[in-house]
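Reader: I'd like a close look at one part of this protein, namely its charged pairs. Could you walk me through them, and then through whatever connects to them?

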Amino acid sequence: MSEPAGDPSAVRRFYDALADDYHLIYPDWETSVRRQGAALDTLIGRAGAAVLDCSCGIGTQAIGLALCGHRVTGTDLSVRAAARAGREAARRGLALPTAAADMRRLPFPDGSFDVVVCADNSLPHLLTERDVLAALAEMRRVLRPSGRLLVSTRPYDDLLRARPEATPPQVRPSPGADGRTVTFQLWHWHEDGEHYDLEHFQLRPADGDWRVTVRRAPYWALAADRLAALAGEAGFVRLRWRAPEETGFFQPVLTADAGPDGEPAGPGRETAGPGGG
């Protein structure tokens, strides 16, 4: 079977269009920023790390990590999302350099960071093993030999069995200027059973009625063992999936160490399924 073609411009358009309203996905974005930052901080396990969030979006994890005292740089395929992350950090008095960049071609020298974060199901926007491997290799390249990788995805092992067609509606109650917002997704699965096209619906009050905005993006439902195997192929070691019950993060997280060049990928690999989330 031929691999599906990736279209980074479709993903870029999706997040450019969502950048102004992304916070409305959360019942309380400020609380999510702090909670997610604290959970990832525990997984980093060191103070004041140089962190690259290579899919920073509007800064949900990057700002949370900066609030924990880490020195964070954010990149994202979306120019508008990365720019908003920088503005949101500045409003909080935080330094967060941001740039638009493809995670398969990171604009940093080798060994620049202690930690690379790729959270919130960003990696599965890459639709082929070649592209995922290229991104993971870039993440390892910019890590120091003692560096750590944190990748979070949806619990795709469960989702591949169920192949849901939609997510439940999420209602964000707000008495403020944003008003109540309803968000849900429709998933259109491809014949291969692994890839799907997502339609993201956002409903907001407007003049006594509802304004509906629909945005679309492709995904690869990347199973846990398959992603761990690709990370091992990219040179990462001591791979381990950690469930939300363990970490407090809202998605399963794959942790891995960069390891010195030439270290085999196998020893210490723990790739038990990620569980719920």
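Reader: To start, which residue does arginine 148 form a salt bridge with, and how far apart are the closest N and O atoms?

Author: Keep in mind that this is a predicted model. The partner of arginine 148 is aspartate 257, and their closest N and O atoms sit 3.2 Å apart. Arginine 148 belongs to strand 5 (residues 143–152) and aspartate 257 to strand 11 (residues 253–257), so this salt bridge ties together parts that are 109 residues apart in sequence. The aspartate 257 end is buried, with 14% relative accessibility.

Another pair worth a look is glutamate 199 with arginine 216, a salt bridge whose closest N and O atoms are 2.9 Å apart. Here, too, distant parts of the chain are linked: glutamate 199 is in strand 8 (residues 195–206) and arginine 216 in strand 9 (residues 209–220), 17 residues apart. Glutamate 199 is buried at 14% relative accessibility, whereas arginine 216 is exposed at 53%.

Aspartate 102 and arginine 105 also form a salt bridge, with 3.1 Å between the closest N and O atoms. Again one end is buried, aspartate 102 at 13% relative accessibility, and the other is exposed, arginine 105 at 56%.

Across the whole structure, a search turns up 22 salt bridges. Some share partners, and in that way Glu30, Arg84, Glu88, Arg91 and Arg92 become one network.

Glu30 brings us to helix 2, since a side-chain oxygen of aspartate 28 comes within 3.2 Å of the backbone nitrogen of glutamate 30 at the start of that helix. Helix 2 covers residues 29–44, and at 1.5 Å a residue its 16 residues should span 22 Å; the end C-alpha atoms are 22 Å apart, so the two agree. Its buried residues are Trp29, Ser32, Val33, Gln36, Gly37, Ala39, Leu40, Leu43 and Ile44. Viewed down the axis of helix 2, they fall within an arc of 165°, so they line one face. Why can such a spacing give a face? An α-helix has 3.6 residues a turn, so residues three or four places apart point the same way. On the other side of helix 2, you'll find Arg34 and Thr42 exposed. Just past the end of helix 2, glycine 45 has a positive phi of about 70°.

Methods:
Residues are numbered from 1 along each chain as its sequence is written. This is a predicted model: local features need pLDDT of at least 70, side-chain atom pairs count only at pLDDT 80 or more; totals for chains, interfaces and linings use all residues. Side-chain values use heavy atoms; hydrogens and water are left out. Helices (H or I, at least four residues) and strands (E, at least two) are DSSP runs, numbered from the N terminus. The expected span of a helix is 1.5 Å times one less than its number of residues. Buried means under 20% relative accessible area, exposed over 50%, partly exposed in between (1.4 Å probe, protein chains only). The arc is that of the directions from the helix axis to the C-beta atoms. A polar contact is a pair of N or O atoms within 3.5 Å; within protein, one must be able to donate a hydrogen and the other to accept it, and residues adjacent in sequence count only if both atoms are side-chain atoms. A salt bridge is a side-chain nitrogen of Lys or Arg within 4 Å of a carboxyl oxygen of Asp or Glu.
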